[in-house]
Amino acid sequence: MVLKMEGQKERVRGMKSKREMFIEESIPYILCILCSFCGAGYFVVSKVSLDKGMSRYVLVAYGYAFGTLATALLAFIFERNNNCKITIPILRNVFFLGLLGAVLGRTMFYMGLEYTSQTFTSAVSNIFPVFTFVLAVLFRMEKLDMSKNSSRAKIVGTVVSFTGATIMTLYKGIKVISIHAQDTHDQSASTSKLSFDKDWIKGSVILVASYLSIAAFYLLQTATVKMYAAPLTLTTLSCLSGTLLSTIMTAILDHRAASWRLSWDITLLAPLYSGIMIFGIVIYIQTIVIRKKGPVFAIAFSPLSSIIAAIMGLLILGEDLHLGCVIGATMIIVGVYAILWAKNEEEKMPLEHPNMPEQDVIEIKPQSDKGRLDYVI
C-alpha cells in the first residue's frame, strides 16, 4: 500500500515536471507572438497619427524621449549593479547610434510610411535581416565560404529578397483583397496608375533606405554591447542620444510651436506606444528570447508581424492589399528564411564533430562567436 502511494506521488511529480517543461518551452513562442502583435500595432498607430497631421520629426523626438524613460526604468531594475565604465569610444558609438536610429532610420521610416501604407511598410520591414547580413559581410563581421551550402543559401536568399523588394517598389498591381466595393472597369482603369505611382515609388525607396540605416544601427549596437555589456543601459543611452539629435533636427526643420502640442488623442498615444511598447517592453522581451533561443529564433517570427499588420490594415484602416505587395513580400520572406536556415546550419556545425580533439574545438568556437550576429537587441 505504501509502495503504491509512493508510486502515485512519483507519477504526479513526473506529470508536474512535464507540464512545467511544456510551459517553459512555450514561453519564448508566446513572447515572440506578443512582440509580433506589438510591432503590428506600432505600424497602425504610427500611420494613423501621421495621417492626422502629426509632424514626423516631432513623433521621432517624443518617441525617443518616452523610450529613454521606459528603458531607464528597466535598466534601473535589472542593471542597477552595472559596473561597466563609459569610455570615449562608447560615447562615440552612442552618438552614431542616435544618428542612425533616430535622425536617419526613424525619420525616413515615418516619411516612407506617409507616402505608402502600413501594410506595405510592414511587408518591406522583412528585408531588414537581409540588409543586416549584407552590411555584416561588407564590414567583415560575417564570412562567406562559397564551398558551403549555407553560404550559397545566403547569397540566393539575398538575391531573392532584393528582387521581391524591387517588385514591391516598382509594381503595385491590382487589388487582391479590398473591403471597398469597386467594379471591374474602375479596377482595370486604375491598374496602370497604381503600378507606377510616383509617391509610392518615392516612399518605397525611402523605406528601403530607412531599413538600411536601422540595420547599420543594430550592427553598431551589437559591436558596442561587446564593449559595454549592459544592453538595457546601452539602449537607454542610445535613446537619449536619439532624443537630443532628433530634437535639434525638429527645431531646424519644423519651426511651428504647435507641432509640439500633444492632445488626449492619437498624437499622445503614438509616441507613448513607440516609447513604452517598442523601446521598453518589446526590446526587453527580445533580449530574454535571444538569451534563451538565440537571434535566429527571434527573427523567424518577423513575418508574423507583417501578416497581423495586413489584417489590421484591412479591418481598421480600410487599406487595400495589392498583387505587387503579395508577390514581393512572399519573395522577401522566402529569402529571409533561406538566410536564417543558413545561419542555423552554421551554428550547428561545431556540434557535428563530437569526436574532434579538444584543441580543435577550442579553435572553432571563437570563430563561431565572431561570425554570429545578434540581429535584434
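Which residues does T243 touch, not counting residues up to four places away in sequence? Select T243 and find out. One caution before starting: this is a predicted model.

**Stop 1: T243**

T243 sits in helix α9, which spans residues 231-253. Show its surroundings. Beyond the residues up to four places away in sequence, T243 touches A61, Y64, A65 and T68. Two of these partners also make polar approaches. Select T68: its side chain is joined to the side chain of T243 by a polar contact of 3.3 Å. Now select Y64 and display its backbone. The backbone oxygen of Y64 is 3.0 Å from a polar atom of the T243 side chain. Switch on a surface and look at T243 again. Its relative accessible area is 12%, so T243 is buried.

**Stop 2: the aromatic cluster**

Select Y42, F43, F109, Y110 and Y211 together. Ring pairs link these residues into a cluster. The structure has 15 aromatic pairs in total. Begin with Y42 and F43. Their ring centres are 6.1 Å apart and their planes meet at 55 degrees, so this pair is tilted. Y42 has a relative accessibility of 5% and counts as buried. F43 is buried as well, at a relative accessible area of 7%.

Next, keep F109 and Y211 on screen. Here the ring centres lie 6.3 Å apart with the planes at 70 degrees, so the pair is edge-to-face. Colour by helix to see where the two rings come from. F109 belongs to helix α3 (residues 88-115) and Y211 to helix α8 (residues 198-227). The pair links distant parts of the chain, with the two positions 102 residues apart in numbering. Both F109 and Y211 are buried.

**Stop 3: R80 over F76**

Select R80 and F76. Turn the view to look at the F76 ring. R80 lies over the face of that ring, at 4.8 Å from the ring centre.

**Stop 4: the salt bridges**

Side chains of opposite charge can pair when their charged atoms come close. The model has 4 salt bridges. Three follow here.

Go to D51 and K47. The closest N and O atoms of this salt bridge are 3.7 Å apart. Both residues lie in helix α1 (residues 2-51), 4 residues apart, or about one turn of the helix. Now compare their surroundings. Is D51 buried or exposed? At 53% relative accessibility, D51 counts as exposed. K47, with a relative accessible area of 6%, is buried.

Move to K175 and D320. Their side chains form a salt bridge of 3.1 Å, N to O. K175 is in strand β1 (residues 175-177), while D320 is in the loop between α12 (302-317) and β2 (321-322), so the salt bridge ties together parts 145 residues apart in sequence. K175 is partly exposed, at 21% relative accessibility. D320 is buried, at a relative accessible area of 19%. The cut-off for buried is under 20%.

Finish this stop at D254 and R256. A salt bridge of 3.3 Å, N to O, brings their side chains together. D254 is buried, with 8% relative accessible area. R256 counts as exposed, at 52% relative accessibility.

**Stop 5: the cysteines**

How many disulfides does the structure hold? The count is 0. Select C84 and C325 to see two cysteines in their settings. C84 is partly exposed, with a relative accessible area of 29%. C325 is buried, at 10% relative accessibility.

**Stop 6: P303**

Where is P303 found? Look in helix α12. P303 counts as buried, at 7% relative accessibility. Show its contacts, leaving aside neighbours within four places in sequence: N126, I333 and Y337 appear. Y337 can be followed along the chain. It is 34 residues from P303, and the two C-alpha atoms are separated by 9.7 Å.

Note on methods
Residues numbered from 1 in each chain as written. Predicted model: local features only at pLDDT ≥ 70, side-chain atom pairs only at ≥ 80, totals over all residues. Heavy atoms only, no water. Phe/Tyr/Trp six-rings, centres within 6.5 Å; stacked < 30°, edge-to-face > 60°. Buried < 20%, exposed > 50% of the residue type's maximum accessible area, 1.4 Å probe, protein only. Lys NZ or Arg CZ within 6 Å of the ring centre and 35° of its normal. Polar contact = N/O pair within 3.5 Å; in protein donor to acceptor, adjacent residues only side chain to side chain. Contact = heavy atoms within 4.5 Å. Disulfide = S-S within 2.5 Å.
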